[in-house]
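Here are my notes for anyone opening this one for the first time. Have a look at the model, then go through the points at your own pace.

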Amino acid sequence: MSYIRKTATGYRAEVEIKGVRKSKSFATKREAQVWAASEETQIHQAASTHPKSKYTLRQALEKYRDEICQRNTGVHWEQLRINAFLASDWLPVNKKIGDVTTDDFSNFRDVRLKTVKPGTVLREFGILSGLMEVARKEWKWIKENPIADVKKPPKPVGRDRLITRSEIKAMLRGCGYSPQKRVTSLTEAIAVCFMLALRTGMRAGDMTSLEWEHVHPRHVVIEFDKLGRRKGIGRDVPLSKKAVRVLKKMEGFDTTSVFALQPQTLDARFRTIRERQGLSGFTFHDTRHTAATWMAGKFKNNKEISAQQALLDLCKIFGWSDMKRALTYYNPRPEDVASRLD
């Protein structure tokens, strides 16, 4: 309903329909009546318009970025990607969301594959599919997800790069690391961080967020996820005797943080040291592949441990809820596999 009220300076129109309330002041009663009638019509039209014809893909992307991404693990990367979608012509962002078709996302795939690798396109499809599923299930803006029938690029082969012993030694030399010397610089701290990663399989983010209060005699507790957000419960990472000796080298370096490193600093300096040593082809994350393969080798030499227990132990150490992840990170040499067939 609408109301026109006389005020000291003119007339005030008030509209209240379907939970929507608006008001505005005018000099004459006629102007107030015209405005109120127009607003009533617009509110009724908006209420009767289906969301698929009301909202654009741009509005959906913005809403997903601002309200939904916070729930997801890769919040920062997702928000960066969505901002890129909004600023480019890869997608018909001004199209009504109900009019967006499978062909629109197929065109997106073809355009992106001209400049980025299939893995990147698959990750971007993951964001877009998540958006369309939220729009379908939660917002009720659409009835079907048009991405469901789009042919995706083939999934890239997983990395199987192991860091060799000679590369490890070269990296430690590049960090100025000495077993007899106390750790006094960030570069030396990176060397110890590198060695601990090889002994435990912890991610870079696990170690840069590690604090002394979570270090125990034979294990550490990871309190943060890979994005630096505190988890509800910690994950226990066991320490071998060699890992304990490595970790002790950081005692006295910082009173709170074990390594006193930021993830960005670790990544940038690691790459710089690697290039300065004339090395290439591996990243810090490849320590995780190397550690998993080394540990699997140790398990196979221990005849008291069954294959099933060894697999479960690996999953527990690395925090894998899916045992198939072991196949991604366990990368033995063909010669080693062949020797076990003899």
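**Notes on the fold and its side chains**

1. Let's begin with two tryptophans: Trp139 and Trp141 are both buried. Keep in mind that this is a predicted model. A search of the whole structure turns up ten aromatic pairs. In the pair of Trp139 and Trp141, the ring centres are 4.8 Å apart and the planes meet at 45°, so the pair counts as tilted.

2. Now for Lys140. Lys140 has a positive phi of about 60° although it is not a glycine. You'll find Lys140 in the loop between helix H6 (118-137) and H7. Is Lys140 buried or exposed? Lys140 is exposed, because its relative accessibility is 53% and the cut-off for exposed is over 50%.

3. Staying with aromatic rings, Phe85, Trp90, Phe108 and Phe125 make up one aromatic cluster. Trp90 has a charged partner too: the charged end of Arg112 sits over its ring, 3.8 Å from the centre. Elsewhere, the ring of Trp294 has the charged end of Arg165 over it, at 4.1 Å from the ring centre.

4. A step back for the overall picture. The chain has 15 helices and five strands. Of its 342 residues, 39% count as buried. Take the contacts in the chain with a separation of 6 or more: residues 24 or more positions apart account for 58% of them.

5. For a strand pairing, go to S2 (residues 11-17) and S3 (residues 20-26), which run antiparallel to each other and share seven bridges. Across the pairing, Val15 of S2 faces Lys22 in S3. The hairpin has two residues between the strands, and Lys18 takes a positive phi near 50° there.

6. Asp104 is worth a click. Asp104 belongs to helix H5 (residues 102-112). Is Asp104 buried or exposed? Asp104 is buried, because its relative accessible area is 12%, and the cut-off for buried is under 20%. What does the side chain of Asp104 reach? One partner is the backbone nitrogen of Thr101, at 2.9 Å. The side chain of Asp104 also makes a polar contact with the side chain of Lys95 (2.9 Å). Not counting residues up to four places away in sequence, Asp104 touches Pro92, Lys95 and Asp99.

7. Next, helix H7 (residues 165-174). Its buried residues are Glu167, Ile168, Ala170, Met171, Leu172 and Gly174. When you look down this helix, a general point helps: an α-helix has 3.6 residues a turn, so residues three or four places apart point the same way. After H7 comes Gly176, with a positive phi near 70°.

8. Then there is the largest nonpolar core, with 39 residues. Which of its residues touch the most other members? They are Val192, Phe194, Leu196, Met207, Val220, Phe259 and Phe284. H7, helix H8 (186-200), strand S4 (219-224), helix H10 (241-248) and helix H11 (263-276) each supply at least two residues of this core. The largest share, ten residues, comes from H8. A second, separate core has 29 residues, among them Ile97, Leu128, Leu131 and Ile147.

9. Phe284 gives you a good way into the largest core. Leaving aside its neighbours within four places in sequence, Phe284 is in contact with Cys193, Phe194, Ala197, Ala204, Met207, Leu266 and Phe270.

10. Thr200 lies in helix H8. Thr200 counts as buried because its relative accessibility is 1%. The side chain of Thr200 reaches the backbone oxygen of Leu196 at 2.8 Å. Once neighbours within four places in sequence are set aside, the contacts of Thr200 are Val237, Pro238, Leu239, Ala243, Met295, Ile317 and Phe318.

11. One last backbone point: Ala260, a residue other than glycine, has a positive phi near 50°. Where is Ala260 found? Ala260 is in the loop between H10 and H11. With a relative accessible area of 33%, Ala260 is partly exposed.

Notes
Residues numbered from 1 in each chain as written. Predicted model: local features only at pLDDT ≥ 70, side-chain atom pairs only at ≥ 80, totals over all residues. Heavy atoms only, no water. Phe/Tyr/Trp six-rings, centres within 6.5 Å; stacked < 30°, edge-to-face > 60°. Buried < 20%, exposed > 50% of the residue type's maximum accessible area, 1.4 Å probe, protein only. Lys NZ or Arg CZ within 6 Å of the ring centre and 35° of its normal. Pairing = 2+ DSSP bridges. Helix = DSSP H or I, 4+ residues; strand = E, 2+ residues; numbered from the N terminus. Polar contact = N/O pair within 3.5 Å; in protein donor to acceptor, adjacent residues only side chain to side chain. Contact = heavy atoms within 4.5 Å. Core = buried A, V, L, I, M, F, W, Y, C linked by side-chain atoms within 4.5 Å.
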